[in-house]
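Me: Please take a close look at one part of the chain and at what lies around it. A single connected account will do, with the cut-offs stated.

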Amino acid sequence: MKIKITVLVFLFITSLCFSQKLFTRTGITEFKASIDAFEAVEAINKSTSVIVNSEGKIAAQLYISAFSFKVALMQEHFNENYMESDEFPKANFKGTIEQFDIGVLKDSYILKGSITVKGISKSIETKVKIKKSANDKIVLKGVFAVSPKDFNIKIPSIVRKKIAEHVTISLDYELSKKK
């Protein structure tokens with residue numbers, strides 16, 4: 001009898017832990033590396049997977065080849081020449097949303113962690129906004145910048161003046177409670 005009660009308590013606590021996780025598989029990650037006088041260098045990925053637990057631990061993963069460009073040739077060069085997406089198919093982020101409380105949301109948080117691109121990790125710290133949406137989901141939005149050279153991304157001299165030194169990354173994740 002004592003074992004049955006212990007198992008039931010364990011299952012109840014486990015289900016509470018899992019119900020406190022937020023996730024999405026359709027998060028939107030965009031980047032912009034444009035210089036005003038030239039053609040826009042920007043892309044969008046609408047299939048970023050993100051999970052956040054009740055303590056604010058966050059993990060995100062996206063497939064590099066899922067970035068969509070307006071110009072097909074630009075997308076091809078991005079995947080083959082710059083990002084080498086056959087060899088390095090994913091980008092990852094692991095970190096913490098400081099002072100996150102799923103029960104009491106405030107407007108602004110600090111997101112700290114490490115982004116890994118092409119097998120190279122870099123520390124990131126930025127502000128993010130988190131709010132509850134009308135459909136009872138949690139929306140996380142933020143912006144930060146990285147430099148291609150931080151991830152050993154080589155920009156050929158012929159296009160170097162057409163691509164910004166710092167790439168702006170925008171996050172827009174609508175998270176649901178994991179059941």
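Reply: Two strands are said to pair if DSSP finds at least two bridges between them. The strands themselves (E, at least two residues), like the helices (H or I, at least four residues), are DSSP runs numbered from the N terminus. The model is predicted, so local features are reported only at pLDDT of at least 70 and side-chain atom pairs only at pLDDT 80 or more, while totals for chains, interfaces and linings use all residues. Residues are numbered from 1 along each chain as its sequence is written, and side-chain values use heavy atoms, with hydrogens and water left out.

The part chosen is strand β3, residues 57-63. The chain has 2 helices and 8 strands, in the order α-β-β-β-α-β-β-β-β-β from the N terminus. Of its 179 residues, 34% are buried, where buried means under 20% relative accessible area, exposed over 50%, and partly exposed in between (1.4 Å probe, protein chains only).

In a regular strand, side chains alternate between the two faces of the sheet. In β3 the covered face consists of Ile58, Ala60 and Leu62, and the uncovered face carries Lys57, Ala59, Gln61 and Tyr63.

On one side, β3 runs antiparallel to β2 (residues 42-52), with 4 bridges joining them. Val50 is opposite Ala60 there. The two strands make a hairpin with 4 residues between them, and Gly56 in the turn has a positive phi of about 90°. Gly56 also lies 7.2 Å from Asp101, C-alpha to C-alpha, although 45 residues separate them in sequence. Asp101 belongs to the loop between β4 and β5 (108-117) and is partly exposed, because its relative accessibility is 36%.

β3 is also antiparallel to β4, through 7 bridges. Ala60 faces Phe93 in this pairing, and Leu62 has Ala91 as its bridge partner. Phe93 and Ala91 are on the covered face of β4, together with Gly95 and Ile97; the uncovered face of β4 holds Lys90, Asn92, Lys94 and Thr96. β4 in turn pairs with β5 in the antiparallel sense over 6 bridges, and Gly95 stands opposite Gly113.

Before β4 comes a loop from α2 (72-82), and Asp86 is in that loop. Asp86 is exposed because its relative accessibility is 80%. With Glu76, Glu80 and Glu87, Asp86 makes up a surface patch of negative charge. Patches are made of residues with over 30% relative accessible area and no salt bridge, like charges being joined within 9 Å and nonpolar side chains (Val, Leu, Ile, Met, Phe, Trp, Tyr) within 5 Å.

Moving on to β5, Lys112 forms a salt bridge with Glu125, the closest N and O atoms being 4.0 Å apart. This pair links distant parts of the chain, with Lys112 in β5 and Glu125 in β6 (residues 120-132), 13 residues apart. A salt bridge is a side-chain nitrogen of Lys or Arg within 4 Å of a carboxyl oxygen of Asp or Glu. The structure holds 9 of these. Glu125 is exposed, since its relative accessible area is 55%, whereas Lys112, at 34%, is partly exposed.

Methods
Areas by Shrake-Rupley, 256 points an atom, 1.4 Å probe, with all protein chains shown as cover. Lys, Arg positive; Asp, Glu negative; His and termini not counted. Charge placed at Lys NZ, Arg CZ, Asp CG, Glu CD.
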